[in-house]
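Biologist: I would like to go through this structure with you, one question at a time. Please end each reply on the value or name I ask for.

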Amino acid sequence: MSWEDNVRKVVPYTPGEQPKIKNIIKLNTNENPYPPAPGVVEALKNMDVSDYRKYPDPSCTKLVDAIASFYSVDPEKVFVGVGSDDVLAMAFLTFFNSDKNILFPDITYSFYDVWADLYRIPYTQVPLKEDFTIDPEDYYVENGGVVIANPNAPTGVALPLSAIEEIVRKNSDVIVIVDEAYVDFGGESALPLIDKYDNLLVVQTFSKSRSMAGMRIGYAFGCKKLIKYLYDVKFSFNSYTMNMPSIELGAAAIADKDYFDKTRSMVIATRERAKKELKDLGFEFGDSMTNFIFAKHPDKHGKDIFDYLRQNGIIVRRFDLPRISEYLRISIGTDEEMDELIRVLRKFLKE
Ligand code: PMP
C-alpha cells in the first residue's frame, strides 16, 4: 500500500501555448486580435488599489447586473465564474451526478472529457457525422446529461437553434449545457430558451468576442432554480473566485455595445476573407461561424504545415487526436496577420 494509491490521478487538459517570444503571429488560442473596449482602460485607471486589502464581493453584483442588463435578463438567472472553464467545471460538478452516461460529441472542446474523468462522471463521446456536423437524433437517448458546444469547437460548425431546442426538449429529465464560447461570431444563441426550458444552461465567455481572455470571466444563463443550484456548489468550493479587477473591468467591458459590435464584425469580415483565400489555396473546411477556421489540405500533412508555419513565426493549433490530426485550427487575427499567414502558406504549397 502506498499513498499514491489514494491519489486522484487525472490526465490534464493541455492549453494552447502562450509563447514568451514577442514578434510571433499567434493564431493558436482563439484570442481576439483587438484590445478590450476603451472603457476598460478607464475603469482600470479609476481602480483604487488600496481596496485590494479587502475581499471582493462574493456575489459579483456589479458584473452580474451589467451582464443581466446587457442581455435583458433577471440577474438571478446569471452565474459568473473565472472564465467559462470555471463555469463549465462547476456545472459538471453540480448537474452530472447520475449513474448514466453524459453525452457530448467525439470531436468537441477537449476539456469535457477531462472534467468528466476528474469528477468520475461516466460519459459517451458521440461521433460527429463524416462532415463534422452533429446529428441531433444521437442525443434522443437515455443519458445523464448533454453538453453541446454551439458553434462547436474545434470544427467551427454551428447547429441551428431549432436543433438545439429539440435536444433540450427531448432531454427534459437531465441538464443540457450549451457552450456558446463562440456564438457572437455568427451562431444563434439559446438564451431565449431559458424561460421555456428549466433544464437548459447557456454558457458564454468574455475571452473571445469581448477581448478579455486574460481577465478570466465567464458566465451562464439558466432558470433561477438552476442558477441557485450552481451557486450553492460554487459557494461550497470557493467563495471568492472572481477578483476585484475582473468584476470591475468585466462590467466596464460589457457596457460598450458599439465596440463589441464593431470588433466582432471586423473579426467576421476577416474570417470570410480568409475562408476565400484558404479555399483558393486548396484548403478544405466546414463553414465556420467562429473566430477560427478548422482546415486541412488534401496534398499536405497537417503536421508539416504546422511545423512550416511555426518556423516562419506563425503559431496555429493542431490536435493529435483521432479523425482530426490532419487539421489545423487557425484563429482569426488582424487582416495583416491573415495576409502573412496566406503568404507563408502559398510559399509552402509551392515548395
Ligand atoms: N468552451 C470552448 C468551446 C472553448 O473553446 C473555450 C476556450 N478554450 C472555453 C470554453 C473556455 O474559455 P474561457 O475559460 O476562456 O472562457
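Biologist: Which helices are included in what covers the buried residues of H2?

Modeller: This is a predicted model. The cover over the buried residues of H2 includes strands S2, S7 and S8. Besides these strands, it includes two helices, H6 (224-234) and H7 (244-255).

Biologist: Which residues of helix H2 are buried?

Modeller: Helix H2 spans residues 61-71. Buried here means under 20% relative accessible area. The residues of H2 that are buried are Leu63, Val64, Ala66, Ile67, Ala68 and Tyr71.

Biologist: What residue follows H2, and near what value is its phi?

Modeller: The residue that follows H2 is Ser72. Its phi is positive, near 50 degrees.

Biologist: In what sense does strand S8 pair with S2, and in what sense with S7?

Modeller: Strand S2 (residues 78-81) pairs with S8 over four bridges, and Gly81 of S2 has Gly218 as its bridge partner in S8. Strand S7 (residues 200-205) is also joined to S8 by four bridges, with Gln204 partnered by Tyr219. For S2 and S8 the sense is antiparallel, and for S7 and S8 it is antiparallel.

Biologist: Which residues of S8 are buried on each side?

Modeller: Strand S8 covers residues 218-221, and both of its faces are covered. One side has Gly218 and Ala220, and the other has Tyr219 and Phe221.

Biologist: Is Thr205 buried or exposed, and what is its relative accessibility?

Modeller: Thr205 is found in strand S7. Leaving out residues up to four places away in sequence, Thr205 touches Ser84, Ala181, Ile217, Gly218 and Tyr219. The cut-off for buried is under 20% relative accessible area. Thr205 therefore counts as buried, at 3%.

Biologist: How far from a polar side-chain atom of Thr205 are the backbone nitrogen of Ser207 and the backbone oxygen of Ile217?

Modeller: The backbone nitrogen of Ser207 lies 2.9 Å from a polar atom of the Thr205 side chain. For the backbone oxygen of Ile217, the distance to a polar atom of that side chain is 3.4 Å.

Biologist: Which residues come nearest to the ligand?

Modeller: There are 13 residues around the ligand. By class, this shell has five nonpolar, four polar and four charged residues. Those that come nearest are Ser84, Asp179, Tyr182, Thr205 and Ser207.

Biologist: Which element gives the most to the shell around the ligand?

Modeller: The element in question spans residues 83-95. It gives four residues to the shell, and it is helix H3.

Biologist: What distances separate ligand atoms from polar atoms of Asp85, Arg216 and Asp179?

Modeller: A backbone N or O atom of Asp85 lies 3.0 Å from an oxygen atom of the ligand. A polar atom in the side chain of Arg216 is 2.7 Å from an oxygen atom of the ligand. For Asp179, the pair is a side-chain N or O atom and a nitrogen atom of the ligand, at 2.6 Å.

Biologist: How much of the ligand's accessible area does the protein cover?

Modeller: On its own, the ligand has 400 Å² of accessible area. The share covered by the protein is 91%.

Biologist: Which strands pair with S5, and in what sense?

Modeller: Strand S5 (residues 145-149) has five of its five residues buried. Strand S3 (residues 102-105) pairs with S5 over two bridges in the parallel sense, and Ile102 has Gly145 as its bridge partner. Strand S6 (residues 176-179) pairs with S5 over four bridges, with Val146 opposite Val176. The partners are thus S3, parallel, and S6, parallel.

Biologist: How far apart in space are Val114 and Val10?

Modeller: Val114 is in helix H4 (residues 112-119) and is buried, with a relative accessible area of 14%. Among residues over four places away in sequence, Val114 touches Val11, Pro12 and Tyr13. Val114 and Val10 are 104 residues apart in sequence, and their C-alpha to C-alpha distance is 7.7 Å.

Biologist: Which strands stand at the edges of the open sheet of three strands?

Modeller: The order in this sheet is S9-S10-S12, with antiparallel pairing. Each edge strand has a single partner strand, so one side of each is left without a neighbour in the sheet. The edge strands are S9 (284-285) and S12 (328-331).

Key:
Residues numbered from 1 in each chain as written. Predicted model: local features only at pLDDT ≥ 70, side-chain atom pairs only at ≥ 80, totals over all residues. Heavy atoms only, no water. Near = heavy atom within 4 Å. Polar contact = N/O pair within 3.5 Å; in protein donor to acceptor, adjacent residues only side chain to side chain. Areas by Shrake-Rupley, 256 points an atom, 1.4 Å probe, with all protein chains shown as cover. Nonpolar A, V, L, I, M, F, W, Y, C, P; charged D, E, K, R; others polar. Buried < 20%, exposed > 50% of the residue type's maximum accessible area, 1.4 Å probe, protein only. Pairing = 2+ DSSP bridges. Contact = heavy atoms within 4.5 Å.
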